[in-house]
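I sat down with this one and a cup of coffee to see how its pieces fit together. Here are my notes, in the order I looked things up.

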Amino acid sequence: MNRDELERKIAEASDGDLAPAALAELEKELANWPDLKQDFAAIMNLADLQQAYPVEDKVQFSSQINAIQRQIRELNHPKEEFSELSLHIFKKYALAASILIIAGSSALFLSDNAMVNTTEAAAAEEVFVYQTEGAASDNYMLQIENLLLDQNSDEY
Amino acid sequence: MGYISRNFFERQIPELYPRLHRSISAFAAGSNVDVDDVLQETFLKAFKKIDQFDGESALYTWLYSIARNITIDEFRKRKRKPDRSNTPADEYGIAADEPESNEYEQKEIDDLRNAVSELPDLLRDIVVMKTLEGLSYDEISEVTGVNTETLKNRMFRAKKELAERLKKNGV
């Protein structure tokens, strides 16, 4: 093994990734490399770095975590512009609006027809009343004429 | 439709945030980069690109690579001006009335964190991903674009430097 290979083996050994047989072979090889053997011993005696950097509880980061989650929700549901919002509402309620418009138009049309009918009825009634009134007046005139004729006949 | 839904992603944030915070704190140690700002940007960026997540890597690895890139950009913007008040050792400060044995342990932890923060970015990156995150060399290769053999050689150099710095500090 050359120097680079030995360094890599030392790194693997210190990571705990070397099998016992491979570790024994490395130690045997290092006998020929006194400086590397010294480095190997120093590296294997290093304190555990995990112990120096414990993972803190998530509770300690709650404000930072909440801030990130809030921003993510805003990104997910951005505040809509008024025009976009109006369009969105229009699209959403387009069917309901169409039905309302049709219903409204139909109602207006029907009420107009009803008005026409009422007017026609009124006109018919007016004609009928007029005719009745006319007939009464005719009778009245005839009665006057008859009276006048009677008076004249008496005079003669 | 992407590999995961937006709702699922949102629900994962509380679980992923603390782990990412630890790793990016370690990665950004010694700089004045605000880790919370980096993570906020990370999650929002990931959310916007959620359709691009194909599930080939774990969600965490994908997020870590985004957070790492944002942190590197911040390093470049600030040209990595050291700000020792923001080292992890100070972040996890010791309470004044802790017993002596705890003080000793805490000193060891602080020395270790300081040693990590003094590593060159290139080496600290590997240490964080492999040792803290437990990513495989293949996954680190995916994130960094560096082949696994080079990564292992860097890991050797990183650990050698850590051991030398700790020895110098009498640990």
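**Entry 1: ground rules.** Before counting anything, I settled what a contact is: two residues are in contact if their C-beta atoms, placed from the backbone, lie within 7 Å. I also reminded myself that this is a predicted model.

**Entry 2: the two chains.** I began with the helices. Chain A has seven helices and zero strands, and its pattern along the sequence reads α-α-α-α-α-α-α. Chain B has eight helices, again with zero strands, and I read its pattern as α-α-α-α-α-α-α-α. Then I checked burial. In chain A, 12% of the 156 residues count as buried. For chain B, with 171 residues, buried residues make up 38%. I also looked at how far apart in sequence the contacting residues of chain B are. Taking contacts between residues at least 6 apart in sequence, I found that 76% join residues at least 24 apart.

**Entry 3: where the chains meet.** How many residues does each chain bring to the contact? I noted 32 residues from chain A and 33 residues from chain B. On the chain A side, helix H1 (3-15), helix H3 (34-44), helix H4 (49-52) and helix H5 (62-76) each supply at least two residues. H5(A) gives the most, with nine residues. Sorting that side of chain A by class gave me 16 nonpolar, seven polar and nine charged residues.

**Entry 4: one helix pair across the contact.** Since two packed helices are described by the angle between their axes and the distance between the axes, I looked up both values. H5(A) packs with helix H1 (residues 6-27) of chain B at an angle of about 165 degrees, and the axes are 10 Å apart. Angles over 145 degrees count as roughly antiparallel, so that is how H5(A) runs relative to H1(B). Their crossing is right-handed. I then listed who makes the contact: H5(A) offers Gln64(A), Ile65(A), Ile68(A), Gln69(A), Ile72(A) and Asn76(A), while H1(B) offers Arg6(B), Glu10(B), Ile13(B), Pro14(B) and Tyr17(B). By class, I have six nonpolar, three polar and two charged residues in this helix pair.

**Entry 5: helix H7 of chain B.** Which residues of H7(B), residues 137-144, are buried? I wrote down Tyr137(B), Glu139(B) and Ile140(B). These three cover an arc of only 155 degrees around the axis, so they sit on the same side of H7(B). As for partners, the buried residues of H7(B) pack against helix H3 (59-78), helix H6 (121-132) and helix H8 (148-168) of chain B. Just after H7(B), I spotted Gly145(B) with a positive phi of about 80 degrees.

**Entry 6: a closer look at Leu162(B).** I finished in helix H8 of chain B, where Leu162(B) is found. Is Leu162(B) buried or exposed? A residue is buried if 20 or more other C-beta atoms lie within 10 Å of its own. Leu162(B) has 24 of them within 10 Å, so Leu162(B) is buried. Leaving out residues up to four places away in sequence, I found that Leu162(B) touches Leu46(A), Ala115(B), Val116(B) and Leu119(B). I checked one of these partners by distance: Val116(B) is 46 residues from Leu162(B) in sequence, but the two are 6.7 Å apart in space, C-alpha to C-alpha.

Key:
Residues numbered from 1 in each chain as written. Chains lettered and ligands numbered in written order. Predicted model: local features only at pLDDT ≥ 70, side-chain atom pairs only at ≥ 80, totals over all residues. Helix = DSSP H or I, 4+ residues; strand = E, 2+ residues; numbered from the N terminus. Nonpolar A, V, L, I, M, F, W, Y, C, P; charged D, E, K, R; others polar. Axes fitted to C-alpha atoms, helices over the stretch in contact; angles between N-to-C directions. Parallel < 35°, antiparallel > 145°, perpendicular 65-115°, else oblique. Left-handed = near helix turned anticlockwise from the far one by under 90°. Arc of directions from axis to C-beta.
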